[in-house]
Amino acid sequence: MFSMKIAIVGTGNVGGSLARIFTRKGHTVTIANSSNSPALHELAKETGATSATVQNVAQGAEVIILSIPTKRILDLPKEFLNTIAPEAIVVDTSNYYPLHRDGAIEPIEKGVPESRWVEQQINHPVIKAFSATNWYNLTEEVQSQLSHRFALPVSGDDAAAKAVVSQLVAEAGFDPVDAGGLDESWRLQPGSPAYCTDLSVEEMRKALSQATNERKPESSGIRDSEEELKTAQENQVAFFETFNKAIQVLVETKQWSEASATKGIVDQFMSGKNPGDILANIFENKRLD
């Protein structure tokens, strides 16, 4: 095991899970979020990580993990990377969701890979990783129930940095797969065959090779008219609100964890059943069939 000083910006499902993993693995972890909320300090107490502000979280860090919504990249302090360790590695775990969260970002809509855009905003090279799996796969609870490890793609231009991040991916319980340079990172963006699918190494390599650099409508904030865009946004926001409510129903009635409830619903979605029927059944019968 190697030990590194890791800073994590963002303490949601992905950032929080990574904080748990890397403190458990013996790394020195510092965490921050935009609100300096009680949840930040609770996570620090739970894991042994050190809480900090976004302004100083990266001080001396060897690895900086950005686990925030894509649009929030623009809110990062200009100076927050000024005190990082020499040769520090920045990891981007974010995905661009223009309809229900981020709004349209023109360069991304025109074809700039999401993590390349992030790199341009922070003026520092990035490695894209931990972005192409459902967050619950990062939890010890779900991983302990798996019969085998899933593959996780890693994309970036610096081979040495990619090797370090691949080692962290392996520590997190996945088999890392080299997904090429950052200009090829569209192969693991939302809507691609590699995105949030539980694949083996060979299956992941095949999925990456089958990806096409074409943004699907559900992953695009561009429509023919403002009215059409508004409708698409409202529909996707409504879906995710209903999805999150269904998770809470299962958490409360079945006493499941949020990870188990989310995984149960997603597994049903992936089986080909109608999502509307699945969610309706949860609200009506308080269960998954």
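At what angle do helix 9 and helix 10 pack, and how far apart are their axes? We will get to that pair at the end of the tour.

Before you start clicking, note that this is a predicted model, in which local features need pLDDT of at least 70 and side-chain atom pairs count only at pLDDT 80 or more, while totals for chains, interfaces and linings use all residues. Residues are numbered from 1 along each chain as its sequence is written, and side-chain values use heavy atoms, with hydrogens and water left out. Helices (H or I, at least four residues) and strands (E, at least two) are DSSP runs, numbered from the N terminus.

**Stop 1: the sheet**

Select the strands. You will find 6 of them in an open sheet with parallel pairing, ordered 3-2-1-4-5-6. Strand 3 and strand 6 are the edges, each pairing on one side only. Two strands pair here if DSSP finds at least two bridges between them. Now add helix 7 (residues 159-171), which packs on the sheet and touches strand 1, strand 4, strand 5 and strand 6. Contact means heavy atoms within 4.5 Å. The direction of helix 7 makes about 60° with that of strand 5; axes are lines fitted to C-alpha atoms, for helices over the stretch in contact, and angles run from 0 to 180 degrees between N-to-C directions.

**Stop 2: strand 2 and its neighbours**

Next, select residues 28-32, which make up strand 2; 4 of its 5 residues are buried (under 20% relative accessible area, with a 1.4 Å probe and protein chains only; exposed is over 50%, partly exposed in between). Strand 1 (residues 5-9) pairs with strand 2 in the parallel sense over 5 bridges, and Ile6 has Val29 as its bridge partner there. Towards strand 3 (residues 50-51), strand 2 has 2 bridges, again parallel. Look for Thr30 opposite Thr50 and Ile31 opposite Ser51.

Show the linking helices too. Strand 1, helix 1 (residues 13-24) and strand 2 form a right-handed β-α-β unit, and strand 2, helix 2 (residues 38-47) and strand 3 form a right-handed unit as well. Right-handed means that, with the strands pointing away from the viewer, the path from the first strand over the helix to the second runs clockwise.

**Stop 3: strand 5**

Move to residues 89-92. In a regular strand the side chains alternate between the two faces of the sheet. On strand 5, Ile89 and Val91 lie on one side, Val90 and Asp92 on the other, and all are buried. Val91 is a handy landmark: Ile65 of strand 4 stands opposite Val91, and Ile127 is its bridge partner in strand 6. Strand 4 (residues 63-66) runs parallel to strand 5 with 4 bridges, and strand 6 (residues 126-128) pairs with strand 5 over 3 bridges.

**Stop 4: helix 9 and its partners**

Finally, select helix 9 (residues 226-254) with helix 11 (residues 275-285): their axes come within 9 Å and cross at roughly 40°. The two are therefore oblique to each other (under 35 degrees is roughly parallel, over 145 roughly antiparallel, 65 to 115 roughly perpendicular, the rest oblique). Among the residues that meet are Phe239 and Leu250 in helix 9 and Leu279 and Phe283 in helix 11.

Swap in helix 10 (residues 258-270) for the opening question: helix 9 and helix 10 pack at about 125°, with axes 9 Å apart. They are therefore oblique to each other. Phe239 and Leu250 are among the helix 9 residues here, and the helix 10 side includes Ile265 and Phe269.
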